[in-house]
Amino acid sequence: MTVNSLLKELYPKSEELFNIVLMYNQASVRERLNKSIDYYGLNKDGFRMIEGRRPIGLVKTNLYLSKDATKVKEAIGEGIAAATMFNPDMKNQLSNTELKVVFDGDGVLFSDESEKIYKENGLDAFNENEKQLVNTPLAQGPLKCFLEALVKLQKKFPAEKEPACPIRTYLVTTRSKDDSSGTRVLETLKSWGLKIDKAHFLAGAPKGPVLQEIQPHIFFDDKISIIEEAEKLGIISAHVNYGIGQVP
């Protein structure tokens, strides 16, 4: 809603904004949703409510979030960017002026094609594959379209003019920056015409310290173990139930 208010300052007649849709299964829930919106001091005009049981009912949805992992898996299977929400008990202090979104790479922005090789044949096979295909873009993953939507909104804020763009995007990946695996990621984003504000290549190191430094409003990853660790740190996280990353 903060992003929307700034966009409305720049483009008063534009409808290219964040549109927030609340889905519910029972009519009685609607009243509670309205009371919750009032309780948190949010603007009701920023929400649309739909009664329905299937996420596919949301036409042209850039992101579907739910606590129901079954619905999320169904949505991903239907080509919708989706993730299961994890709400930590401990709440971190988040920015009121920036919207910070963190993406994992393989299995989230990108397909799991390389992750499959690592999982099935080990690190050496993975590195050799990335070396051979360094100039071949990775296939898109389930959340590529959400990054596209964010980048589209970012471009509406003129460079070096006020208000400054409040949307910040991050890539946090266990790939290494200093070899072909990191290069391939950057070349893939370039081939898509998409820009990430900051990329963190951890070379296998834990993601927790970087996430604590960023303090994102939401973090997407395909590994449930990483999501659970982030949740313990007070990071609002969302599990992308897709691909080889779901295999123990």
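**Backbone features, aromatic contacts and nonpolar cores**

In the predicted model, Gln215 is found in the loop that lies between helix α8 (208-214) and strand β8. Although Gln215 is not a glycine, its phi is positive, at about 55°, and the residue is buried, with a relative accessible area of 18%. A positive phi, here of about 60°, is likewise found at Glu160, which is not a glycine either. Glu160 is placed in the loop between α6 and β6, and with a relative accessibility of 86% it counts as exposed, whereas Gln215 is buried. The loop between α6 and β6 (167-173) is also the place of Pro163, and the peptide bond that joins Glu162 to Pro163 is cis, with omega at about 0°.

Strand β5 (residues 99-103) is largely enclosed by the rest of the structure, because four of its five residues are buried. This strand runs parallel to β6, to which it is joined by five bridges, and it also pairs with β8 in the parallel sense, over three bridges. Phe103 of the model takes part in both arrangements: it stands opposite Leu171 in β6, and opposite Phe220 in β8.

The structure holds six aromatic pairs. One of them is formed by Phe146 and Phe220, whose rings are arranged edge-to-face, with 6.0 Å from centre to centre and 75° between the planes. Since Phe146 lies in helix α6 (residues 144-154) and Phe220 in strand β8 (residues 218-221), this pair ties together parts that are 74 residues apart in sequence. Both partners are buried, Phe146 with a relative accessible area of 10% and Phe220 with one of 0%. Together with Phe103, these two residues, Phe146 and Phe220, form one aromatic cluster; Phe103 and Phe220 thus appear in the cluster as well as opposite one another in the pairing of β5 with β8.

Aromatic rings are also approached by lysine side chains. Lys144 lies over the face of Trp192, at 4.8 Å from the centre of the ring, and the charged end of Lys156 sits over the ring of Tyr11, at 4.2 Å from its centre.

In soluble globular proteins, nonpolar side chains tend to be buried together. In the present model, the largest nonpolar core has 37 residues, and those with the most contacts inside this core are Phe103, Leu147 and Phe220. At least two residues of this core are supplied by each of α1 (2-10), α3 (69-77), β4 (82-86), β5, α6, β6, α7 (180-192) and β8, and it is α6 that gives the most, with five residues. For Leu147, when its neighbours within four places in sequence are left aside, the residues in contact are Phe103, Leu109, Thr169, Leu189, Leu194 and Ile196. Apart from the largest core lies another, of twelve residues, among them Phe86, Tyr170, Leu211 and Ile227.

Taken together, these results return repeatedly to Phe103 and Phe220, which belong to one aromatic cluster with Phe146, stand opposite one another, and are, with Leu147, the residues with the most contacts inside the largest nonpolar core.

Key
Residues numbered from 1 in each chain as written. Predicted model: local features only at pLDDT ≥ 70, side-chain atom pairs only at ≥ 80, totals over all residues. Heavy atoms only, no water. Phe/Tyr/Trp six-rings, centres within 6.5 Å; stacked < 30°, edge-to-face > 60°. Buried < 20%, exposed > 50% of the residue type's maximum accessible area, 1.4 Å probe, protein only. Lys NZ or Arg CZ within 6 Å of the ring centre and 35° of its normal. Pairing = 2+ DSSP bridges. Core = buried A, V, L, I, M, F, W, Y, C linked by side-chain atoms within 4.5 Å. Contact = heavy atoms within 4.5 Å.
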